[in-house]
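Biologist: Please take a close look at one part of this model, and then connect it to other places that you would check. Give the cut-offs behind each term as you go.

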Amino acid sequence: MVSFGKSTLWKRLSPSQLNAAIQIFALLAIFFEGYDQGVMGGVNAAPDYIDEVGIGKNGVVTKAIHQGGIVAIYYLGAIIGCFGGGWMADRIGRIDATFYAAIFSTIGGALQAASISSDMILVSRVVSGLGTGALTGIIPVYCSEIANTAHRGRFLGLVFIANYLGISVAYWLAFGLAFVDNGQSALRWRFILAFQCIPALFLLVGIKQLPDSPRYLTAVGRHEEALDVLVHVRGGELTPAIQAEHQMMVDAHTRNADKHSNAFEVFTILFGMDKRGGHITRRAWLCVWLQIMASWTGITAVTVYSGVLFRQAGYSTITQDGLSGGVNSIGIIGTIISAWCVDRFGRRVNLMWGAFGLACVNFIAGGLYEAVRQGGDANRITPGAILMLFFFNLIYAATWGTIAFLYPTEIFPSEMRALGNGFGVTGWAIGCGWTTLVNPTIFDKLANRTYFFFGGLNVIWIPIIYLLYPETNNRTLESIEVLFSPASPFVWASERAYAQRELAGSPDAKNVERVSYELENVEQKGGMSRHVDQV
C-alpha cells in the first residue's frame with residue numbers, strides 16, 4: 001500500500017488551531033456520510049431519474065423492488081468498506097486510510113451523477129458505499145483516540161452534528177431543485193448526487209496535513225511521534241497527566257505487541273474462533289446489535305419515509321418536502337444536546353432514557369393516528385402526530401444517534417480499534433438496509449400501528465442495555481479492556497472486575513485516577529478552552 005509523504009504543517013498550528021482543524025475535517029467526513037444517507041430521497045422523487053435508470057415510466061415507479069435495491073446496495077458497499085478501511089487504518093494509519101476512502105467517495109459520487117443506466121447507478125452506489133463505509137469506520141475512531149477521556153463523548157457528539165447537517169442539506173437541496181422546470185429536469189437529481197463530491201474533495205486536499213492518532217502511532221512503535229502529537233493536542237506543554245496517558249498507551253502496546261489485525265480476522269471474531277483473548281467476539285456482537293437496535297428504534301422510517309407519512313396525512317407536496325427537511329434539521333439540535341449529555345450522564349443512562357423517550361413518542365404518534373382512523377378530526381389530530389416525529393428525531397439524535405457510533409470506538413484494543421469499529425458500522429449498514437427494505441411492507445400492512453411496533457421494540461432495548469452494555473464514560477481507552485475480562489457477559493461482572501483492578505492498585509488503575517485528576521486541574525486553570533480545545 002502506497003503511503004504518501006507525511007506533512008508537518010500541523011506543527012505550525014497552535015493547539016487550539018490544530019484541534020479546530022481536526023474537528024473540521026472530521027465534520028467534512030461525517031457530513032459526507034450524512035448527505036449520502038439522505039440524498040436518495042430526493043433522487044427517487046425525480047421523474048427524469050426514474051426514466052433514466054429504468055425503474056418506471058413517465059416519472060412513475062413501476063419496479064419498487066428494483067428501486068429499493070438501488071438504495072440498499074449502497075449498504076453492501078458500506079459493510080465491505082468499513083472492514084477494508086478499518087483494516088487499512090490499523091495497518092497504514094488513520095490519516096492515510098481516510099485519504100484512500102475519500103478517493104472512493106469522490107469517484108462514487110461522480111459516477112452516480114453521471115449514471116445513464118441501472119447497471120451504472122448500481123455499480124456507482126457500491127463504490128460510494130465503499131468510501132462512506134470506510135470513512136464512517138475510521139473517523140469516529142480517530143476522534144475517539146485524539147479526544148481526552150473526560151470529553152470523548154462531547155468531541156464525537158460535536159462532530160456528529162455534521163451527520164444531520166448532511167441529511168438536512170440533501171433534503172433542502174432536493175426541495176429547492178424540485179422547482180426547476182417543474183421538477184422534470186435532469187439537474188434535479190444529477191446535481192444533488194454530484195454535490196457530495198465537494199466535501200470528499202476537501203478531504204482529499206486537506207486530510208494529509210493532520211497528524212495521525214497518537215494511539216495508532218504508539219501501536220506501531222512510534223512512541224516519540226505519539227507523545228509529540230499528544231502534547232500538541234492537549235495544550236502544548238508536557239504535563240504529568242500527558243506523561244501518564246502516554247505511558248498507559250506504551251504499556252498497552254507492550255502487552256499486545258504480538259497481536260495484529262488482519263483482513264480475515266473479521267470472520268474468526270464473529271464466529272468466536274479468535275485466539276487473541278479479551279472476549280473480542282462479545283465486543284463485536286455488542287457493536288453489531290447496538291447499531292441494529294438503533295435502526296429498529298424507528299429512525300429509518302422517520303428519515304427515509306417521512307415524506308410518505310406526510311402524504312398519508314394529506315399534506316401538499318411542497319408541505320411534505322418542507323416538513324421532511326424540518327424533521328431532519330431538528331436532529332442538529334439533538335446532536336448538540338447529545339454533546340452536552342453524553343459525558344455528563346454516561347452512555348448507558350442516555351441509551352436507556354433515549355429508548356424510553358422514543359417508545360413514548362412512538363406510542364403517542366400511533367395513538368393519534370389511530371384516533372384519525374377511528375373517525376377523529378384529522379385537521380386537529382394530525383398536527384400532533386407530526387409533532388411527535390419532530391420529537392422523535394430530537395430524542396434519537398440526543399441519545400442513540402451519537403452513542404451508537406461512539407461506543408464501538410471505545411471498546412476495542414488499539415491494535416485493532418479501527419477494524420473493530422467496522423462491526424459497529426456493519427450493524428448500522430445491516431440495520432439501515434434491512435429496515436429500508438421492509439419499512440414499506442410494514443407500513444402497508446400495519447399502517448399507523450407500525451408506531452406501536454417500534455414503541456414495543458424500544459421498550460425491549462432498555463433491559464438489553466442495562467444487562468449487557470458496560471459503562472465506558474470517563475474511562476481511558478486502555479482501562480476499558482478490564483471491563484471485558486470476565487467470562488460473564490453481564491454488566492455487574494464487568495464493574496466488579498474494574499473495581500477489583502482499582503482496589504488491587506494496578507499501575508493502569510492509578511494512571512486512570514491520575515490522568516482524570518490532572519485533566520480536571522488543567523481545565524480549572526484554563527489550560528484548555530471549551531469545545532474544540534477540549535480534545
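Modeller: The answer below begins with one helix and then goes on to loops, cysteines, a surface patch and two single residues.

This is a predicted model, in which local features need pLDDT of at least 70 and side-chain atom pairs count only at pLDDT 80 or more, while totals for chains, interfaces and linings use all residues. Residues are numbered from 1 along each chain as its sequence is written, and side-chain values use heavy atoms, with hydrogens and water left out.

The part to look at closely is helix 8 (187-194); helices here are DSSP runs of H or I with at least four residues, numbered from the N terminus. Its buried residues are Arg188, Trp189, Ile192 and Leu193, where buried means under 20% relative accessible area, exposed over 50% and partly exposed in between, using a 1.4 Å probe and protein chains only. Viewed down the axis of helix 8, these buried residues fit within an arc of 115°, so they line one face of the helix. That arc is taken over the directions from the helix axis to the C-beta atoms. In general, an α-helix has 3.6 residues a turn, so residues three or four places apart point the same way. The cover over the buried residues of helix 8 includes helix 1 (15-44), helix 2 (47-52), helix 4 (94-113) and helix 7.

Helix 7 (161-177) is joined to helix 8 by a loop that holds Asp181. Asp181 is not a glycine, yet it has a positive phi of about 50°. It is exposed, at 53% relative accessible area. A second case is Asn474, also not a glycine, with a positive phi of about 60°. Asn474 sits in the loop between helix 21 (450-468) and helix 22 (491-503) and is partly exposed at 40%.

Now the cysteines. Cys197 is buried, with a relative accessible area of 10%, and Cys287 is buried at 0%. The structure holds zero disulfides, counted as pairs of cysteine sulfur atoms within 2.5 Å.

On the surface, Trp340, Phe345, Val349, Trp353 and Phe356 make up a nonpolar patch with about 570 Å² of accessible area together. Areas come from the Shrake-Rupley method with a 1.4 Å probe, and for residues only the protein chains shown count as cover. Patch members have over 30% relative accessible area and no salt bridge; nonpolar side chains (Val, Leu, Ile, Met, Phe, Trp, Tyr) are joined within 5 Å, like charges within 9 Å. A salt bridge is a side-chain nitrogen of Lys or Arg within 4 Å of a carboxyl oxygen of Asp or Glu. Helix 16 (317-345) and helix 17 (347-373) each supply at least two residues of the patch, and helix 17 gives the most, with three. Trp353 belongs to helix 17 and is exposed at 60%.

Two single residues remain. Ser124, in helix 5 (residues 118-146), is buried at 1%. Beyond its neighbours within four places in sequence, Ser124 is in contact (heavy atoms within 4.5 Å) with Gly108, Leu111, Gln112 and Ser115. Gly278 lies in the loop between helix 13 (265-270) and helix 14 (280-304) and is partly exposed at 32%. Residues up to four places away in sequence aside, Gly278 touches Arg283 and Phe484. Its C-alpha atom is separated by 9.2 Å from that of Pro413, 135 residues apart along the chain.
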